[in-house]
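Student: I am new to this structure. Could you walk me through it with short questions and answers?

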Amino acid sequence: MTDKRYYLDTFKVTEAQMGRLVTEALAHGGDYADLYFEYTTYNDLLLRDGEVSSGGFHIDFGVGIRVLKGERTGYAYSENTGMTDMLAAARAAAMIAGGQSRKQGERAASGMMGNDAGKTDIGNAGYGGTGSGADWQDLYPMRQSWRSARAEEFLPFLKSLEQKITAKDGRATKVIARLSDSQSDIMMFNSEGELTCDTRPLGSITASVIFCSGGKTENKTVSRSFRAGAEMVTEELIDEMAAEAVAGIDERFEAKRPKGGQMPVVMGAGASGILLHEAMGHSFEADFNRKGQSIFSGRTGEKICDSCISIIDDGTIAGNRGACNFDDEGIPGQKTYMVKDGILNSYLHDRISAKWFGVSPTGNGRRESFRFNPIPRMRATYMENGKASRDDIISSVKKGIYVDEFSNGQVKIGEGDFTFYVKSGRLIENGRLTAPVKDINIIGNGPQALADIIAVGNDLKIDNGTWTCGKDQSAAVSCGIPTVLVRSLTVGGN
């Protein structure tokens with residue numbers, strides 16, 4: 001949606017009033033100020049024991065006001081858009097950025113926060129990028145708005161999902177299915193005169209299944225999430241999810257914990273990209289690098305891995321969970337090569353870090369809601385295809401392990417050390433996939449693992465699950481990877 005009148009009417013504000021708010025926010029010597037208006041509706045339906053047993057609906061509405069002054073960020077928000085409360089928020093943000101105590105200025109209607117933006121003076125130059133409509137592209141057009149859809153339209157789909165899963169595998173004793181959606185109207189305005197508007201849909205379907213056999217219990221969760229309207233919910237999608245839910249359950253019941261140690265690890269295409277996101281992607285976010293906290297700080301232009309490797313963070317995949325027409329600072333969505341042909345090409349920038357490094361923003365300034373200031377965050381993070389086939393990669397390994405599904409993990413940004421729990425995998429023996437394995441950890445160091453990738457497959461898959469990144473704030477993301485071979489990682493087993 002590009003009609004700015006719709007957004008101005010939604011938030012009951014005029015362009016003249018936004019100009020006044022920015023002026024007030026800069027009244028204490030701020031270098032830059034921006035406004036972030038948000039109206040989001042949320043819906044949720046839960047099916048348990050064959051019946052849709054609960055549902056929810058709520059609305060989030062308000063405006064966040066940010067002021068940058070030198071090293072400092074002042075941030076305040078209001079949960080309504082009346083001028084009295086918005087002016088109070090603008091003054092509070094200005095006071096915080098100016099380093100004055102809260103007692104010295106007016107308090108925002110609903111909340112405020114402040115933080116140091118870094119150790120180096122940001123200065124007075126512009127904060128880069130443009131939120132004008134020149135580069136606008138609609139990556140998530142809706143054929144049916146979530147707000148116009150009725151809950152009863154989706155009940156048959158949730159029931160069908162449960163029935164198809166239990167029909168495919170009699171060991172499925174319990175299915176919990178959930179459909180959730182949100183639709184956000186966003187309007188941004190800043191002291192450089194940029195006005196940006198966006199409407200963002202997001203729909204998600206999840207099925208968690210418990211399987212029982214011979215006194216043993218296994219569980220599996222499958223999900224799909226897209227930036228699309230209610231038209232995304234189709235019987236074809238339900239069929240796809242039901243088939244995935246029961247796939248590989250025989251192997252899970254047979255799987256055993258293998259002997260651990262240092263060994264080659266083949267990471268399967270798709271969901272293995274979570275390791276790329278966590279163990280490597282966060283280290284490329286520019287705030288960590290600006291503050292010297294990342295192991296990749298100061299290394300742009302260096303060769304950090306094999307020349308067959310290119311790693312991208314992409315906000316331009318149509319309908320993808322991580323897609324963004326504009327980021328939360330009004331910068332158009334774009335495709336950013338973090339690593340290009342083995343060379344560290346770019347960090348992921350918001351306006352603050354881009355100014356600090358003297359480059360253009362990359363469209364990675366993201367926030368959880370109007371209650372939070374934007375920070376550098378990933379969108380859809382993946383590795384480009386290589387030339388090897390999956391079968392050739394596996395056949396090149398004499399003794400190792402193949403993994404294709406991860407769950408919880410931990411990463412230390414500064415050192416790059418990571419630990420991930422593997423939900424699904426197999427042994428590799430003499431170039432063949434053999435016994436299924438479970439209850440193992442993959443342990444390593446992100447930069448070292450990157451340097452140890454010695455083969456990249458030609459089967460890139462973007463995983464469309466409900467990935468959510470938590471870096472102080474929650475953000476919808478996605479990830480992907482082709483089959484890759486890491487020369488050596490620690491496998492935690494028996």
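Student: Which residues do ring pairs link into a cluster?
Tutor: Rings of Phe, Tyr and Trp (its six-membered ring) pair if their centres lie within 6.5 Å. Ring pairs join four such residues here into a cluster: Phe11, Phe37, Tyr39 and Phe61.

Student: What should I know about the model itself?
Tutor: This is a predicted model, where local features need pLDDT of at least 70, side-chain atom pairs count only at pLDDT 80 or more, and totals for chains, interfaces and linings use all residues. Residues are numbered from 1 along each chain as its sequence is written, and side-chain values use heavy atoms, leaving out hydrogens and water.

Student: How many aromatic pairs does the count come to?
Tutor: A pair of aromatic rings is described by the distance of the centres and the angle of the planes. Planes under 30 degrees apart count as stacked, over 60 as edge-to-face and the rest as tilted. By the ring rule, the count of aromatic pairs is 12.

Student: What is the angle between the planes of tryptophan 356 and phenylalanine 357?
Tutor: Buried means under 20% relative accessible area, exposed over 50%, and partly exposed in between (1.4 Å probe, protein chains only). Tryptophan 356 is partly exposed at 33%, and phenylalanine 357 is partly exposed at 29%. Their rings form an edge-to-face pair, 4.8 Å centre to centre, with a plane angle of 70°.

Student: How many residues apart in sequence are the parts tied together by phenylalanine 406 and phenylalanine 420?
Tutor: The two rings pair edge-to-face, at 5.9 Å centre to centre and 80° between the planes. Phenylalanine 406 is buried at 6%, and phenylalanine 420 is buried at 2%. Phenylalanine 406 sits in strand 15 (residues 399-411) and phenylalanine 420 in strand 16 (residues 417-429), so the parts tied together are apart in sequence by 14 residues.

Student: Which helix gives the most to the largest nonpolar core?
Tutor: A nonpolar core is a set of buried Ala, Val, Leu, Ile, Met, Phe, Trp, Tyr and Cys residues joined through side-chain atoms within 4.5 Å. The largest one has 45 residues, and Phe284, Met383, Phe406, Ile442 and Leu450 touch the most other members. With 5 residues, the top contributor is helix 7.

Student: Which strands does helix 7 lie across?
Tutor: Helices (H or I, at least four residues) and strands (E, at least two) are DSSP runs, numbered from the N terminus. Helix 7 covers residues 273-280 and runs at about 110° to strand 23. The strands that helix 7 lies across are strand 9 (311-314), strand 14 (380-383) and strand 23.

Student: Which strands stand at the edges of the open sheet?
Tutor: Strands pair if DSSP finds at least two bridges between them. The open sheet has 6 strands in the order 11-10-9-14-23-20, with mixed pairing. Each edge strand has a single partner, so one side is left without a neighbour in the sheet: these are strand 11 (343-344) and strand 20 (461-463).

Student: Which residue in strand 23 stands opposite lysine 461?
Tutor: Strand 20 and strand 23 (residues 478-481) pair in the antiparallel sense over 3 bridges. Opposite lysine 461 stands isoleucine 481.

Student: Which residues does aspartate 439 touch, leaving out those up to four places away in sequence?
Tutor: Aspartate 439 lies in the loop between strand 17 (432-437) and strand 18 (440-445). Aspartate 439 is partly exposed, at 34%. Contact means heavy atoms within 4.5 Å. By that rule aspartate 439 touches Arg257, Tyr421, Val422 and Gly492.

Conventions:
Axes fitted to C-alpha atoms, helices over the stretch in contact; angles between N-to-C directions.
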